[in-house]
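Biologist: Could you walk me through this model, one question at a time? Start with what I should keep in mind when reading it.

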Amino acid sequence: MSEPNENALNPQPENHYLQPAPAAVPKLPPLAADRRDGYFAIFAFVLGYLFSRWVLGTVQGWGTAVFTTVYLASVLAYLLVKDVRLPKSSWFWFAVTLLTGWSFAFWDNTGLMPLRNLFLSCAAVYWVAAATNVQIGGKTGNLLLLDGINSVLLIPFRNFANQYRALGALRGKRERDLKKALPVLLGIILALLVLLVVTPQLLRADSGGFNNLLKDVTGLFKFDTSKVLEFLFYCLLAVPTAAYLFGLVSGSAARRATDTIKADKTAKAVAALRILAPVTIYTVLGTACALYVLFIACQVPYFFSAFSGVRPDGWLSYSDYARQGFFELCRLSAINLAMLLAANILSKKPREESAVLKVFNIALSLITLLLIATAMSKMALYIGAFGLTILRILPCVFMLLLAVVCVAVVLLQRMRFSIARVSLAAGAVLFAALCLVNVDGIIVRYNTERYLAGTLATYDSAILYRSGPAGVRPALEVYETTKDAALKNEIESYLVFEKEKTTAYRGTFRHTVEKERTWEALQDIKLPHYGEPREAGI
């Protein structure tokens, strides 16, 4: 009789139970902070307060310019004392950030306000990434979007606690003392908030004795409760802001958590996207090019008449012809570049190995340049009919940037460079230039000169309000020369509004050189209805 099978009596677990457990994600080592980090950690609270007080929610005036200067100077000093070698390319972003920040002290540029605020913030963050070489690949490349996510989100928040560890370095690394001090400080702040909230309620319920006692005590200090509350509010906002800024700068300088997005894994992921056969790519691009050629050939007079300023047959006015199709051409230009990007990423055969793909890249880029030129000529006609607005300038700047990208695509077929780097630099230069040239002033001045010369039928007073103080001097010229009573009343309302606003902002961190000039220009002007109540929203 044979021995019973031991394995049958004691069945072994399946193979997948024997597989080793996946390795745990390595814990991020703490920041090796020294006294240099500690000093900058303290100053980060100052940066956080200035940002909360002068920038957050307002982003205008000399306060933004001063914060930008202090931010750049302090971060630069920290990087230098930490022996970080700044690459030459980082000085480009330093200059872009500094000039954009100082544009807030000169011009209001209300038409650019949302975009200008976002641009300044992104430039300030990206300068740190460029200065510390933490971009994927060590410099600005085609993975620009991932670099932005890394710099804006991953590095600051993964290093969010660095500031408090750096503060411990100032006490000889006796973090126990620091941990004891922080709760006490937090308790004092919260106690003050409780007192400031509860005390007014007690005063309302008081018969007089508590009020007299409080007057005697507060008389010794003579502080304004509302200002104290405002100060404490901005101090509370400064705490997370300082932690974010210090996390961004210290994490980048120490290269801590800067490689969350791995360059090699990203390259493999991009390579895995090459799933389409070359013939599929050629068919799509060829069809698109043929369709554009057919579209242009079928309506040559309509398509090219904008270049000569001649209205084609069938159009009643220049304005209708100029407006028709402009934004469609803009969208088509953007779609074409997106199509080229997708084709070069998804093709199994890389561009370097495919002469046919290079030909299609050049052909579609040239067609896109033609579409851009046509759209720009249409916009020129529209501006000639109705004047300038910020909503007519911004599309033109965007189209100009698309034209730079198209030219770069053509050159890329014969040269090697990062098209993302060229596009980003071109976009930064164009928008920084917009911030520096006082766009609102240019718009109002152009429309005013056209109106006074008789080449613009109407004067749009709504643009004056959108231009802020930039429209005051041109508006005064129209106000003193026009015989249109309705227009004169509209301009007068605008001038009164700006006089009140510039007077209110004078001496505050929201003041600008442009506001000061506006205030001076309006001092000697006698406005009949100045000081009278006006309807809200005018």
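The questions below go from the whole chain to single helices and residues.

Modeller: Quick ground rules: this is a predicted model, where local features need pLDDT of at least 70 and side-chain atom pairs count only at pLDDT 80 or more, while totals for chains, interfaces and linings use all residues. Residues are numbered from 1 along each chain as its sequence is written, and side-chain values use heavy atoms, with hydrogens and water left out.

Biologist: How many helices and strands are there in the protein chain?

Modeller: Both come from DSSP runs numbered from the N terminus: H or I over at least four residues for a helix, E over at least two for a strand. On that basis the protein chain has 23 helices and zero strands.

Biologist: What share of the 538 residues counts as buried?

Modeller: Buried means under 20% relative accessible area, exposed means over 50%, and partly exposed is in between, using a 1.4 Å probe and protein chains only. For the 538 residues of the protein chain, the buried share is 42%.

Biologist: And among contacts between residues at least 6 apart in sequence, what share joins residues at least 24 apart?

Modeller: A contact is a pair of residues with heavy atoms within 4.5 Å. Take the contacts between residues at least 6 apart in sequence, and the share joining residues at least 24 apart is 77%.

Biologist: Which residues touch the most other members of the largest nonpolar core?

Modeller: Such a core is a set of buried Ala, Val, Leu, Ile, Met, Phe, Trp, Tyr and Cys residues joined through side-chain atoms within 4.5 Å. The largest one has 98 residues, and the ones touching the most other members are Tyr71, Trp127, Ile491 and Leu495.

Biologist: Which helix gives the most to this core?

Modeller: The top contributor puts in eleven residues. That helix is H17.

Biologist: Leu402 sits in H17; what does Leu402 touch?

Modeller: Leu402 is at 8% relative accessibility, so it counts as buried. Its C-alpha atom is 8.0 Å from that of Ile372, 30 residues away along the chain. Not counting residues up to four places away, Leu402 touches Cys330, Ser333, Ala334, Leu337 and Ile372.

Biologist: Does the length of H18 fit a helix, or put better, how far apart are its end C-alpha atoms?

Modeller: The expected span is 1.5 Å times one less than the number of residues. H18 has 18 residues (419-436), so it should span 26 Å, and the model agrees: its end C-alpha atoms are apart by 26 Å.

Biologist: Which helices help to cover the buried residues of H18?

Modeller: The buried residues of H18 include Ile419, Ala420, Phe431 and Leu434. Their cover includes H4, H5, H6, H17 and H19.

Biologist: Which atom does the side chain of Ser90 reach?

Modeller: Ser90 is in H4 and is buried, at 0% relative accessible area. Its neighbours beyond four places in sequence are Trp127, Ala130 and Ala131. At 2.7 Å, the side chain reaches the backbone oxygen of Pro87.

Biologist: At what angle do the axes of H21 and H22 cross?

Modeller: Axes are lines fitted to C-alpha atoms, for helices over the stretch in contact, and angles run from 0 to 180 degrees between N-to-C directions. Residues meeting here include Val472 and Tyr479 in H21, and Ile491 and Leu495 in H22. The axes come within 10 Å and cross at roughly 145 degrees.

Biologist: Which helices do the buried residues of H23 pack against?

Modeller: Buried residues of H23 (513-523) include charged names such as Glu514 and Lys515 as well as Trp519 and Leu522. They pack against H4, H21 and H22.

Biologist: What is the phi of Ala257?

Modeller: Most residues other than glycine have a negative phi. Ala257 lies in the loop between H10 and H11 and is buried, at 3% relative accessible area. Its phi is positive, near 65 degrees.

Biologist: Arg256 is found in that loop too; is Arg256 buried or exposed?

Modeller: Its contacts include Leu28, Pro30 and Asn159. The C-alpha atoms of Arg256 and Pro30 are 8.6 Å apart, with their positions 226 residues apart along the chain. At 14% relative accessibility, Arg256 counts as buried.

Conventions:
Polar contact = N/O pair within 3.5 Å; in protein donor to acceptor, adjacent residues only side chain to side chain.
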